[in-house]
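Trainee: I am new to this structure and would like a close look at a single part of it. Could you take me slowly through the strands and the side chains packed between them?

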Amino acid sequence: MAEIPVKLPLKRVYIGDTYEFLLKDFKDGDGAPIDLEQYSDIRMTIRQRNESGSVAATLTLSSGFVIEGANNDQLRGTISATVTKTFKPGQHIFDIQFTKEGNSDPDIVQTWFKDYLDVEQEVTQ
């Protein structure tokens with residue numbers, strides 16, 4: 001299990017803006033960097049208002065997330081302006097799940113992050 005960074009850089013997004021964030025310093029219980037390349041899927045889902053709200057955006061390793069860093073222990077996410085233009089103002093909820101393929105066992109899926117995101121209307125359009 002990773003040590004979760006103290007605070008997430010994702011708190012407020014303006015409709016129509018491109019938003020880029022970096023999650024870094026993933027470490028195991030011994031303090032060693034976690035190589036994020038070992039995960040077959042890293043997925044972030046943003047939903048409107050609550051867990052049952054409609055999906056506003058999804059980021060995956062094939063669309064929106066890039067693994068970086070000398071030890072592959074950083075995760076850069078990008079939400080495009082095209083995507084944020086579809087957001088509705090108000091509170092949203094998101095989580096980020098990490099999936100590691102199991103050998104003979106089922107895949108291991110862990111939610112490492114869950115938080116709220118405020119979406120605000122832009123002034124300049």
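Mentor: What follows is one connected walk through the nonpolar core, the aromatic rings, and the charged pairs. Please keep in mind that this is a predicted model.

Let us begin with the core. The largest nonpolar core has 27 residues, and the residues with the most contacts inside it are Leu-36 and Phe-98. Two or more residues are given to this core by each of the elements β2, β3, β4, β5, β6 (74-79), β7 (90-100) and β8 (108-120), and the largest share, 4 residues, comes from β8. As a general background to such a picture, nonpolar side chains in soluble globular proteins tend to be buried together.

Phe-98 is a good residue on which to rest the eye. Beyond its neighbours within four places in sequence, Phe-98 is in contact with Leu-36, Asp-41, Ile-42, Leu-75, Ile-108, Val-109 and Gln-110, and also with Phe-26, Tyr-39, Trp-112 and Phe-113. The last four of these names return when we turn to the rings, for Phe-26, Tyr-39, Phe-98, Trp-112 and Phe-113 form one aromatic cluster.

A search of the whole structure finds 9 aromatic pairs. One pair deserves a closer look: the ring centres of Phe-21 and Phe-65 are 6.3 Å apart and their planes stand at 85°, so this pair is edge-to-face, the angle being over 60 degrees. Phe-21 lies in strand β2 (residues 19-23) and Phe-65 in strand β5 (residues 65-68), so that the pair, 44 residues apart, links distant parts of the chain. Phe-21 is buried, because its relative accessible area of 3% is under 20%. Phe-65 is likewise buried, with a relative accessible area of 3%.

Both of these phenylalanines also lead us to Leu-59, which has its place in strand β4 (residues 55-59). If we leave aside the neighbours within four places in sequence, Leu-59 is in contact with Phe-21 and Phe-65, with Ile-42, Arg-43 and Met-44, and with Gly-64, Gly-77, Thr-78 and Ile-79. For one of these partners, Thr-78, there is a backbone distance to note: its C-alpha atom and that of Leu-59 are separated by 8.0 Å, although the two residues are 19 residues apart along the chain. Leu-59 counts as buried, at 3% relative accessibility.

From there we may move to strand β3 (residues 41-48), where Asp-41 has its place. Leaving aside its neighbours within four places in sequence, Asp-41 is in contact with Thr-60, Leu-61, Gln-97, Phe-98 and Thr-99, and thus we meet Phe-98 once more. The side chain of Asp-41 also makes a polar contact with the side chain of Arg-43, at 3.1 Å, and these two residues form a salt bridge, with the closest N and O atoms 3.1 Å apart. Arg-43 is partly exposed, with a relative accessible area of 35%.

Thr-45 is also in strand β3. Its relative accessible area is 19%, and since the cut-off for a buried residue is under 20%, Thr-45 counts as buried. Outside its neighbours within four places in sequence, Thr-45 is in contact with Val-55, Ala-57 and Thr-58, as well as with Ile-93, Phe-94 and Asp-95.

The salt bridge of Asp-41 with Arg-43 brings us to the charged pairs, of which a search of the whole structure finds 5 salt bridges. In one of them, Arg-12 is joined to Glu-120, and the closest N and O atoms are 2.8 Å apart. This pair links distant parts of the chain, for Arg-12 is in strand β1 (residues 12-14) and Glu-120 is in strand β8, 108 residues apart. Arg-12 is partly exposed, with a relative accessible area of 44%, and Glu-120 counts as partly exposed at 30% relative accessibility.

In another salt bridge, the side chains of Arg-76 and Glu-20 meet at 3.2 Å, N to O. Here too distant parts of the chain are linked, with Arg-76 in strand β6 and Glu-20 in strand β2, 56 residues apart. Arg-76 is partly exposed, with a relative accessible area of 24%, while Glu-20 counts as partly exposed at 48% relative accessibility. Finally, salt bridges that share partners join Glu-20, Glu-68 and Arg-76 into one network.

Key
Residues numbered from 1 in each chain as written. Predicted model: local features only at pLDDT ≥ 70, side-chain atom pairs only at ≥ 80, totals over all residues. Heavy atoms only, no water. Polar contact = N/O pair within 3.5 Å; in protein donor to acceptor, adjacent residues only side chain to side chain. Contact = heavy atoms within 4.5 Å. Buried < 20%, exposed > 50% of the residue type's maximum accessible area, 1.4 Å probe, protein only. Phe/Tyr/Trp six-rings, centres within 6.5 Å; stacked < 30°, edge-to-face > 60°. Core = buried A, V, L, I, M, F, W, Y, C linked by side-chain atoms within 4.5 Å. Salt bridge = Lys/Arg side-chain N within 4 Å of Asp/Glu carboxyl O.
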